[in-house]
Amino acid sequence: MKKYFFILFCSLIVSCSPDEKNVPSLITQSYTAEIGDLITITGTNLLQVETVRIFSTEYNVSGATIYNKPGELLHHKFFTFHSDTEIQFVLPQLYAESYVMQIGTQEIPLRLIGFIPLFEDYPFDLQEIMGLKVLNDEEALGTTRVDLPTRNLHLFKNGFYETQKISSNVQFFNVLENADSWYAKSTDFKLYEIYYKSSSSPSYSFLNSFNTRDLDYLSMNPDNILITPEKQIFIFTQNGIFIKQNNELKKAVELFEGLEAYPKQERNIFDLKLTSQGNIHGKVILNPGASSSDYEYAFISMNPKNFTFNISERLLSEPVGPQFKSSTGYFLLPRNKKLYKTIDSGLTWSESATPIPYTDGYFYNAQIKVLDAQSILLFLHTSTNDKLPYTTVYKSSDGGDSWQLKKRFNHPRQVDLFLFQSDFANRSGLFYFTNFSSRQLWKYLE
């Protein structure tokens, strides 16, 4: 009996040994956060943790090491609180979406959402990204300026973290909402070739071309081209709108009854959008001969299936948008702090009761990105007092009835950068900030 008591006594001593009692143990098992969030790790014996390391096992990007020990300077500023049951620190800037947090000797997964900067060292020369089109959550197309008017076309792949050059001398491109992608290549200043890739095909194939005779008919190079799901090619120039269908090029005024009643200058459509239903939306200047401060604007909606169109009421200041998801769309009148919404593909618009939330100061630029029928990102580039301008992002999850601050791009690397090109598909997007000397490409992930 004494022998068994001795064994039990020894086992109690082992189980209650000082080493085991002081070993840190984590209650937090995983974390999802945005850059700049306050991270709270819970557990027991956490005062024994001296370092927190963040690294990625999926992406070839640098991580971060956060020191808590007094006297350690590197990243010590990120720590905010340390007790036996909690560790708190601010999540530093990282360059991918999947990481591991090593708390002492234990590891838990970290998933980043929100705005994530891409590439510490860019894989190609980012001398102005002139266009971005997100095909899906894994791929996007981007054109970069090489030398006026030449551009290179790049494919962002594997979640936008890898790039591949597709073509040179690209003049313009566009992408359909169903993820089918298109781009046009200029073989010289008079000949354009259009290429097409379906969402199920890994490569591009030749679709159509404009020969010299076509371009003589147009009298100038196209400003933009949209291709409908029915493969109608809409060509927008300062001389009007032309449509190539079944290898025949026609003027839009020949097909859209009533369009000829508008002066030619008012048929110059810009900020073009193509919805998933194949409708074309853009804005026009109604009195282009006047001073720019007196311009009036309107939206035009064109239905290529039945060749009908609708022009909205006059707007007394320049609108931003529209942006659509299915039949729901939004546009801004930023200088009036107003947001407008449609639920019938732009036939009628209603003003939101809540003003958009930018602060007082000098207004530079505004953009919106519609994520779904109720979710909107609002980008406002403003400055106050003597501060340099920077972009502030707000998000609405209720169709513009309320707004929450999402991010301020006023880190020293983002000072005076404004949103120049962007696009969104499903729940992720690409956003390119620049002031034409400094630049940064960001991914947004819901």
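Salt bridges and a cavity in a predicted model

Glu34 and Lys406 join their side chains in a salt bridge, N to O 2.9 Å, in what is a predicted model.

Q: What makes the contact between Glu34 and Lys406 a salt bridge?
A: The N to O distance is 2.9 Å, and the cut-off is within 4 Å, so the pair counts as a salt bridge. Glu34 sits in the loop between β2 (31–33) and β3 (38–44) and Lys406 in strand β34, 372 residues apart.

Q: Why is Glu34 called buried?
A: Its relative accessible area is 17%; buried means under 20%, so Glu34 meets the term.

Q: Why does Lys406 count as partly exposed?
A: Lys406 has 24% relative accessibility, and the term covers values between 20% and 50%, so it applies to Lys406.

Q: How do you know which term, buried or partly exposed, fits Lys395 and which fits Glu446?
A: Lys395 has a relative accessible area of 12%, which is under 20%, so Lys395 is buried. Glu446 has 24% and is therefore partly exposed. The side chains of these two residues meet in a salt bridge at 3.0 Å, N to O. Lys395 is in strand β33 and Glu446 in the segment after β37 (439–445), 51 residues apart.

Q: What makes the lining of the second largest cavity free or full of charged residues?
A: Asp, Glu, Lys and Arg count as charged, and the lining has none of that class, with 5 nonpolar and 5 polar residues. Among the lining residues are His281, Phe299, Asn310 and Trp349.

Conventions:
Residues are numbered from 1 along each chain as its sequence is written. This is a predicted model: local features need pLDDT of at least 70, side-chain atom pairs count only at pLDDT 80 or more; totals for chains, interfaces and linings use all residues. Side-chain values use heavy atoms; hydrogens and water are left out. On a 1 Å grid over the protein atoms alone, a cavity is a set of points where a 1.4 Å probe fits but cannot get out, and a pocket is an open set with protein on both sides within 12 Å along at least five of seven lines; lining residues have an atom within 4 Å of a point. Helices (H or I, at least four residues) and strands (E, at least two) are DSSP runs, numbered from the N terminus. Buried means under 20% relative accessible area, exposed over 50%, partly exposed in between (1.4 Å probe, protein chains only).
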